[in-house]
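Please study the sequence and the structure shown below before attempting the exercises. Each task is followed by a worked solution.

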Amino acid sequence: MSSQATDLHETQPLSPQLTSTGSSTSAVSPLSEALQPPVYRHRDRSPSPMRGYAIPSPLPTRRNRTCSATAHAAEGPVFTGVCKYFSRAKGHGFITPSSGGSDIFVHISDIEDEYVPVEGDEVSYKVCSIPPKHEKVQAVEVTITHLKPGIKHETWTGHVVSS
């Protein structure tokens, strides 16, 4: 074992070497290369609460929506619609507007009611654009105006109430 260690140090000098022009170049041992942190290209990115996850969510929730977007949504008109689908496990759902048009996305953090929405519940909401292109909208400040009769509704704490 000592002969192998001696051979390794003899073949790779650890001191700077002189080149033919007289300048010195430092030789880096494989051990010191392995201990160096990897070099990453610096990218300017906006702060995100999803920074540690593999795929950050592009949807603005109540927590990461900008103040200006929240203020703009608060100033907007109130719309009505019917809950088409909502999954508590997935944390989102869709609302069919009563005025017609395509379904509107709703995030779990934007529901301001004591009940979990179910299919057929009448809701009122405001809209906020979804970045980065601001081509689509999502429902914010969602409240259930009428519970669908004959359906069991669940509160956020887990209590089941029949309507």
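The two exercises that follow concern a predicted model.

**Exercise 1.** Determine in which order the strands of the closed barrel run, and describe how strand 5 pairs with strand 7.

*Solution.*
Step 1. The closed barrel has 5 strands, in the order 3-4-5-7-6, and its pairing is mixed. From one strand to the next, the twist averages 50 degrees.

Step 2. Strand 4 (residues 92-97) pairs with strand 5 (residues 104-107) in the antiparallel sense, over 4 bridges. Within this pair, Phe94 stands opposite Phe105 of strand 5.

Step 3. Strand 5 pairs with strand 7 (residues 136-146) in the parallel sense, over 2 bridges. Here Val106 has Ala139 of strand 7 as its bridge partner.

Step 4. Strand 6 (residues 122-130) and strand 7 run antiparallel and are joined by 8 bridges. Val123 has Ile144 of strand 7 as its bridge partner. The hairpin of strand 6 and strand 7 has 5 residues between the strands, and His134 takes a positive phi near 60 degrees there.

**Exercise 2.** Establish how many cavities of 30 Å³ or more a search of the whole structure finds, and which residues line the largest cavity.

*Solution.*
Step 1. The search of the whole structure finds 1 cavity at a cut-off of 30 Å³ or more. The volume of the largest cavity is about 30 Å³.

Step 2. Its lining consists of Cys83, Phe86, Ile95, Val106, Ile111, Pro117, Val123 and Val142.

Step 3. Sorted by character, the lining of the largest cavity holds 8 nonpolar residues, no polar and no charged.

Step 4. Two lining residues, Val106 and Val123, also appear in Exercise 1: Val106 as the bridge partner of Ala139, and Val123 as the bridge partner of Ile144.

Methods. Residues numbered from 1 in each chain as written. Predicted model: local features only at pLDDT ≥ 70, side-chain atom pairs only at ≥ 80, totals over all residues. Heavy atoms only, no water. 1 Å grid on protein atoms, 1.4 Å probe; cavity = no way out; pocket = protein on both sides within 12 Å on 5 of 7 lines; lining within 4 Å. Points joined across faces, edges and corners; volume = space filled by probe spheres on them. Nonpolar A, V, L, I, M, F, W, Y, C, P; charged D, E, K, R; others polar. Pairing = 2+ DSSP bridges. Axes fitted to C-alpha atoms, helices over the stretch in contact; angles between N-to-C directions.
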